[in-house]
Amino acid sequence: GDISLAERLLSGVSDHNAEWNFLMGVVCSRRGWMDEAKRYMETAVQMDPNNPEYRSALSALTGRATGPTASARSTRPILMQRVSALLRGMVVLHAL
């Protein structure tokens, strides 16, 4: 499904910026891998501490021990759009 595709696409990205870490956190959360999801979200927040979406997602993860977070569920319709946007951004950067 979309989660497997998103994970495969993200694994091919070499620039692990804040958005990449956030999206990997969403993927892990949707898979139920909460420890990994928390680590990715923490990294995203450290890299971009002023991003309210990242902070909210991390808060949701730390307040909930099991199961997909509300944040992960709310991103379901746009996960692939954001992965695609991240990949397009990488292609543009590499072309410069």
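## Glu19 and its surroundings

In this predicted model, E19, once its neighbours within four places in sequence are left aside, is in contact with Y54, R82 and L86. E19 lies in helix α2, and because its relative accessibility is 18%, under the 20% limit, E19 counts as buried. Computed along the chain in residues, E19 and M41 are separated by 22 places, while in space their C-alpha atoms are 9.5 Å apart.

## The chain as a whole

The protein chain contains 6 helices and 0 strands, and its elements, read along the sequence, follow the pattern α-α-α-α-α-α. The chain has 96 residues, of which 39% count as buried. If one takes the contacts between residues at least 6 apart in sequence, 61% of them join residues that are at least 24 apart.

## Two sides of helix α1

Helix α1 spans residues 2-11, and the residues I3, A6 and L10 in this helix are buried. These residues cover an arc of only 65° around the axis, and they therefore lie on the same side of α1. On the other side of α1 the picture changes, for R8 and S11 are exposed there.

## Helix α2 against helix α4

Two packed helices are described by the angle between their axes and by the distance between those axes. For helix α2, residues 18-31, and helix α4, residues 52-62, the packing angle is about 30° and the axes are 11 Å apart. Because angles under 35 degrees count as roughly parallel, α2 is roughly parallel to α4. The crossing in which α2 passes α4 is left-handed.

On the α2 side, the contact is made by A18, E19, F22 and S29, and on the α4 side by E53, Y54, A57 and L61. Sorted by character, the residues of this contact of α2 with α4 comprise 5 nonpolar, 1 polar and 2 charged. E19, already described as buried, is thus one of the α2 residues in this contact, and Y54 of α4 is among the residues that E19 touches.

## Helix α3 against helix α4

Helix α3, residues 34-47, also packs with α4, at an angle of about 150° and with the axes 9 Å apart. Since angles over 145 degrees count as roughly antiparallel, α3 is roughly antiparallel to α4. The crossing of α3 and α4 is left-handed.

In this contact, M34, A37, K38, M41, E42, A44 and V45 of α3 meet Y54, R55, A57, L58, L61 and T62 of α4. The residues of the contact of α3 with α4 divide into 9 nonpolar, 1 polar and 3 charged. Y54, A57 and L61 of α4 take part here, and these three residues are also named in the contact with α2.

## Asn51 in the loop before α4

N51 is found in the loop between α3 and α4. With a relative accessible area of 16%, which is under the 20% limit, N51 is buried. N51 and A18 are 33 residues apart in sequence, yet the distance between them in space, C-alpha to C-alpha, is 9.5 Å. A18 belongs to α2, where it is among the residues that make the contact with α4.

Key
Residues numbered from 1 in each chain as written. Predicted model: local features only at pLDDT ≥ 70, side-chain atom pairs only at ≥ 80, totals over all residues. Heavy atoms only, no water. Axes fitted to C-alpha atoms, helices over the stretch in contact; angles between N-to-C directions. Helix = DSSP H or I, 4+ residues; strand = E, 2+ residues; numbered from the N terminus. Parallel < 35°, antiparallel > 145°, perpendicular 65-115°, else oblique. Left-handed = near helix turned anticlockwise from the far one by under 90°. Contact = heavy atoms within 4.5 Å. Nonpolar A, V, L, I, M, F, W, Y, C, P; charged D, E, K, R; others polar. Buried < 20%, exposed > 50% of the residue type's maximum accessible area, 1.4 Å probe, protein only. Arc of directions from axis to C-beta.
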